[in-house]
Amino acid sequence: MLNKVNLQVADAQFKEEGVALFLCKECPKFLDRKIFSDEAMFMLDGYLAKEEEFYKPGKMGILTYREGEGVKQMLVLGCGEGKECSPRNFRNGAANAIRKLKELKVQGVKVMAPIIAKPDKGHYLEALAQGFFLGAYTFDKYQEKKDEVADINVAFVTKVEDAAEVLVKAEKLEAGVCLARDLINEPGNVVYPEVLAECAKKIAQDGNLEIEILDEKKLQEKNMLSILAVGQGSAHKPRMIVLKYNGAGQEPYTAYVGKGITFDSGGISIKPTEGMGEMKDDMSGAADVLAAIRVVADLKLKVNLMAVLACAENMPGGNAQRPGDIVRAANGKTIEVITTDAEGRMVLADAVWYACRLGAKRVVDIATLTGAAIIALGNDVAAIIANDDALAQDIVKAGKLVGESYWQLPSFKEYKELIKSQVADLKNSGGRAAGTITGGLFIGEFIDKGVQWAHLDIGGTASVTKAGDCKSYGGTAFGVATLVKLAEL
Ligand code: BES
Ligand code: MN
Ligand code: ZN
């Protein structure tokens, strides 16, 4: 759960037990020495003289000193050198700082950084604020022993214009990110399609969003047999959930479409035991688009946005789909099921088609679609497959601004040959070669002509097994910040 983190602009009343100081290589000479006590300055000068690499990203100095009656802590966070000193380093530094402050049981912390003493550096202040929220996040609701620090009060010494607004905006974004992380970290026995539907309903009510929930019956009526096929082996039936935010009158809608497999056992093509439990995160895309639309509504952005969550549980069972089955998706195309473990593209086929029916002119789908994404790009970079290079590049740009990395893979026609079937229009697996690309191109087959589309494969970035920087153990909610920024561009 999220520790309550209160952010404010520092004022004379603020009482701190600690200081977090963010420095890049060039920063020390711009430090306003007047704001430090003699004791603090003495310790800091000593540290900077001794630690040549104080400015390296990830470096943290912990200084303890006496001031007045009490003992105080100062954390010195390295933020890079020259061009490398980006908001991303400040965001990560802030996340690492608050983790340490929790450990040291410091409840009031003053934040200083020469860069936020400049009025036009709001994006650095924003990054710092985001990092404080992200670093404070933990998922401990099922543990008896919880974090003991209840509230952490953080005050920024800053001259950034509209600083208070910047802080509020950061809080709104990260509340969304933490909501998505909670949903992702919940196990499959707690969060299944119906539960996501209930959660979406509550968000829609609170945020005054339009909502439509398609249950099995309605999915049947609309011929969405592809998502139904994926869910037919599970006791928990599929749901397609649509939320709409209208912030721009008659303008066309953008659709964010998320893969919502609440647990992916592989189905009859069952996965190996090792690591299978991690597949509770296979609904990360759905959690991300739900969080993104909540934040966009919360920020009252002037856009029209819909979120489509394609939710099902992929289980083996007497009624489960089989390899070899041929399924007709809602757009009329037939799919040969090569493996029941390529289920994400099958639920998304009907979801992106439905987004087009609802009038979306731009579709961005996000999915933990392939393990091949890890092989191609590792665990820090998500893949993009698109029918529109400008949209793909907008996503890369949005990602850069929020500290999430993307790389566009080619979508040459030749790759489409790999997913042609001998017995149906398409097959759901093209084999190992170019697995991330063929997975994306499969989904593209269900997009209307003339609609801009990009697919984000977060198979490598959705979860981590080690907390560090802005990430906590488990779900990262990678993509939420990008999708919100994309709506703002
Ligand atoms: N959810 C998985 C993809 C995945 C696996 C993401 C491991 C992250 C880590 C997806 O449903 C899946 O099983 N994909 C298959 C596709 C293949 C059978 C064509 C895969 O990647 O092996
Ligand atoms: Mn699968
Ligand atoms: Zn999956």
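Reader: Before we turn to the zinc ion (ligand 3), what counts as a donor?
Author: Donors are N, O and S atoms within 2.8 Å of the metal. Please note that this is a predicted model.

Reader: Which residues supply the protein donors of the zinc ion (ligand 3)?
Author: They are Lys-259 through NZ, Asp-264 and Asp-282 through OD, and Glu-343 through OE, at 2.0 to 2.4 Å from the ion. Along the sequence, the spacing of these donor residues reads K-x4-D-x17-D-x60-E. The pair Lys-259 and Asp-282 links distant parts of the chain, 23 residues apart: Lys-259 is in strand β9 (residues 253-264), while Asp-282 is in the loop between β9 and α8 (284-298).

Reader: And what is the geometry of that site?
Author: The site is octahedral, with 6 donor atoms and angles of 78 to 172 degrees among them.

Reader: Are Lys-259 and Asp-282 buried or exposed?
Author: Lys-259 has a relative accessibility of 1%, so it counts as buried. Asp-282 is buried as well, its relative accessible area being 1%.

Reader: Which residue coordinates both the zinc ion (ligand 3) and the manganese ion (ligand 2)?
Author: Asp-264 does, and the two ions are 3.2 Å apart.

Reader: Moving on to ligand 1, which residues come nearest?
Author: Asp-264, Asp-282, Asp-341, Glu-343 and Gly-371 do, out of 16 residues around ligand 1. That shell comprises 7 charged, 6 polar and 3 nonpolar residues.

Reader: Which atoms of Lys-259 and Gly-371 lie by its oxygen atoms?
Author: For Lys-259, a polar side-chain atom is 3.1 Å from an oxygen atom of ligand 1. For Gly-371, a backbone N or O atom is 2.7 Å from an oxygen atom of ligand 1. The protein buries 76% of the 510 Å² that ligand 1 exposes when taken alone.

Technical notes
Residues are numbered from 1 along each chain as its sequence is written. Chains are lettered from A and ligands numbered from 1 in the order in which they are written. This is a predicted model: local features need pLDDT of at least 70, side-chain atom pairs count only at pLDDT 80 or more; totals for chains, interfaces and linings use all residues. Side-chain values use heavy atoms; hydrogens and water are left out. Four donors count as tetrahedral if all angles lie between 85 and 135 degrees; four count as square planar and six as octahedral if opposite donors are over 155 degrees apart and all others between 65 and 115; anything else is irregular. Helices (H or I, at least four residues) and strands (E, at least two) are DSSP runs, numbered from the N terminus. Buried means under 20% relative accessible area, exposed over 50%, partly exposed in between (1.4 Å probe, protein chains only). A residue is near a molecule or strand if one of its heavy atoms lies within 4 Å of it. A polar contact is a pair of N or O atoms within 3.5 Å; within protein, one must be able to donate a hydrogen and the other to accept it, and residues adjacent in sequence count only if both atoms are side-chain atoms. Accessible areas come from the Shrake-Rupley method with a 1.4 Å probe; for residues, only the protein chains shown count as cover. Ala, Val, Leu, Ile, Met, Phe, Trp, Tyr, Cys and Pro count as nonpolar, Asp, Glu, Lys and Arg as charged, and the others, Gly among them, as polar.
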